[in-house]
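Reader: Hey, I've got this structure open and I'm a bit lost. Can we go through it together?
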Amino acid sequence: MTNRIGIIGAGGIGQAHIKRLSGAVAGAQVVAVNDIDQARAATVAAGIGATVYATDKELIASPEVDSVLVASFGPAHEASVVAAIEAGKPVLCEKPLSPQADGCLRIMAAEQRAGRRLVTVGFMRRFDPAYGEIKAVIESGDLGLPLIVHNRHRNPTVPQSYTADMAINDSAIHEIDTMRWLLGEEIVSARVDRPRPTSNRFEHLQDPLVLVLTTTSGAIAYDEVFVNIGYGYDIRCEVVLETGTVALTAQAGTERRDAAGARHRIASDHNDRFRLAFLAELQQWSDAVSRGQHAGSTSWDGYAAAAVCDAGVRASGTSETVPVAMIEKPAFYA
Ligand code: ISE
């Protein structure tokens, strides 16, 4: 059975997903598009022969739509995700599930009322083969316990609309989820260190910043978030364990060597760097929808990440270590 998908949000990430779903994901078809910008929705829909819907609610209610992919602006996610849950339709929501933990709690409440897991959160790094190898090394126990993680999250640039909080709840949220997933434990506190900012930034941004996370067991994860580094999209992660380390290597498959030296290509953006991860994520989600099952990260994962973001945002601009406030994990998400 083909999984007929409605896309809410036809901006950059929405269009990238449409491209992937239209060519490289088996058993999936984008049949409907909605965007706050009607003209953009019409152009994108015309390119793939999909129907345009004036509102997210109409798209969700349409009988031609089996499942929904939410790729709109973060603060708009909650309303669309809750509507999809209430319509009984599986939904893949881009991160953040909601920029604040409160919004995620309301999503979890709606899902529990519906009585089945319908929400998957777009934490695509969980599908990256190299991160998967790091997880396998940690879980093997061969190098002992993980003690410290050094992360680097570098973007070439961001638009002026990128707010200060987004360094945490739109960018660092990837490392926050990755740390929970790799280490298999929750994050209990957050602090934000503020080095001298680059002059190549918008005045309203602290760029770079270093988010310092502590886990239940006392492991510490550092996350350098530098969203205007200029040279490319550079994601790094090194885990320090008791008797060794394991890290992502340079992502390019080849290295060029010539009279000018040795060098390799650096990814341009997240679609480039996480190409395989995005494809694997979409394929797993679509296959699960077709089988009437849930797969991948849950609303709980979206909530736990948002709770850490809340602490990180509160810690920004202070030198405080802010505890992460979380509810007990409901049995529904066990
Ligand atoms: C963006 O929304 C993403 O999800 C990218 O993966 C991330 O690197 C970037 O910082 C975010 O703004």
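Reader: Leaving out its neighbours in sequence, which residues does Asn155 touch?
Author: This is a predicted model, so keep that in mind throughout. Not counting residues up to four places away in sequence, Asn155 touches Ser171, Phe226, Val227, Asn228, Ile229, Gly230, Gly232 and Tyr233.
Reader: Where is Asn155 found?
Author: Asn155 sits in the loop between S7 and helix H7, and that helix covers 166–183.
Reader: And is Asn155 buried or exposed?
Author: Buried, because its relative accessible area is 11%, and the cut-off for buried is under 20%.
Reader: There's a ligand too. Which residues are around the ligand?
Author: Asn155 is one of them. The others around the ligand are Lys95, His153, Tyr162, Asp170, Ser171, His174, Tyr233 and His270.
Reader: How far is the side chain of Asn155 from an oxygen atom of the ligand?
Author: An N or O atom in the Asn155 side chain is 2.5 Å from a ligand oxygen. For His153, a polar side-chain atom lies 2.6 Å from an oxygen atom of the ligand. With Asp170, a side-chain N or O atom is 2.7 Å from a ligand oxygen.
Reader: What share of the ligand does the protein bury?
Author: The protein buries 85% of the 300 Å² that the ligand exposes when taken alone.
Reader: OK, new topic: sheets. What is the strand order in the one with 7 strands?
Author: The order is S12-S11-S7-S10-S9-S8-S15, in an open sheet with mixed pairing.
Reader: Why do S12 and S15 stand at the edges?
Author: Strand S12 (245–247) and strand S15 (322–323) each have a single partner strand, so one side of each has no neighbour in the sheet. S15 pairs with S8 in the antiparallel sense over 2 bridges. Ser189 has Pro323 as its bridge partner in S15.
Reader: Which strands does H7 touch when it packs on that sheet?
Author: H7 touches S7, S8, S9, S10 and strand S11 (234–241), and its direction makes about 150° with that of S7. There's also helix H10 (residues 299–315), which lies across S8, S9 and S15 and runs at about 30° to S8.
Reader: Back to S10. How many of its residues are buried?
Author: S10 (residues 220–226) is mostly covered, with 5 of its 7 residues buried. S10 pairs with strand S7 (residues 146–154) in the parallel sense over 7 bridges, and Arg152 has Glu224 as its bridge partner in S10.
Reader: And how do S9 and S10 run?
Author: They run antiparallel, joined by 6 bridges, with S9 covering residues 209–215. Leu213 stands opposite Ala221 in S10. S9 and S10 form a hairpin with 4 residues between them, and Gly218 in the turn has a positive phi of about 100°.
Reader: Anything to know about phi in general?
Author: Most residues other than glycine have a negative phi, and most peptide bonds are trans.
Reader: Then where are the cis ones?
Author: A cis peptide bond joins Lys95 and Pro96, with omega about -10°. Pro96 is in the loop between S5 and helix H5 (101–114). The bond from Asp207 to Pro208 is cis as well, with omega near 0°, and Pro208 lies in the loop between strand S8 (187–193) and S9.
Reader: What about the sheet of 6 strands? What's the order there?
Author: That open sheet goes S3-S2-S1-S4-S5-S6, and the pairing is parallel. Its edge strands are S3 (51–52) and S6 (119–122), each pairing on one side only. Helix H4 (residues 77–86) packs on the sheet, touching S1, strand S4 (67–70), strand S5 (91–94) and S6, and its direction makes about 170° with that of S5.
Reader: Which way do the S6 residues point?
Author: Val119 and Val121 point one way from S6, Thr120 and Gly122 point the other way, and all are buried. In a regular strand the side chains alternate between the two faces of the sheet.
Reader: Why does Val121 count as buried?
Author: Because its relative accessibility is 2%. Cys93 has Val121 as its bridge partner in S6. Leaving out residues up to four places away in sequence, Val121 touches several others, among them Leu92, Lys95, Glu281 and Gly302.

Terms used:
Residues are numbered from 1 along each chain as its sequence is written. This is a predicted model: local features need pLDDT of at least 70, side-chain atom pairs count only at pLDDT 80 or more; totals for chains, interfaces and linings use all residues. Side-chain values use heavy atoms; hydrogens and water are left out. Buried means under 20% relative accessible area, exposed over 50%, partly exposed in between (1.4 Å probe, protein chains only). Two strands pair if DSSP finds at least two bridges between them. Contact means heavy atoms within 4.5 Å. Axes are lines fitted to C-alpha atoms, for helices over the stretch in contact, and angles run from 0 to 180 degrees between N-to-C directions. A residue is near a molecule or strand if one of its heavy atoms lies within 4 Å of it. A polar contact is a pair of N or O atoms within 3.5 Å; within protein, one must be able to donate a hydrogen and the other to accept it, and residues adjacent in sequence count only if both atoms are side-chain atoms. Accessible areas come from the Shrake-Rupley method with a 1.4 Å probe; for residues, only the protein chains shown count as cover.
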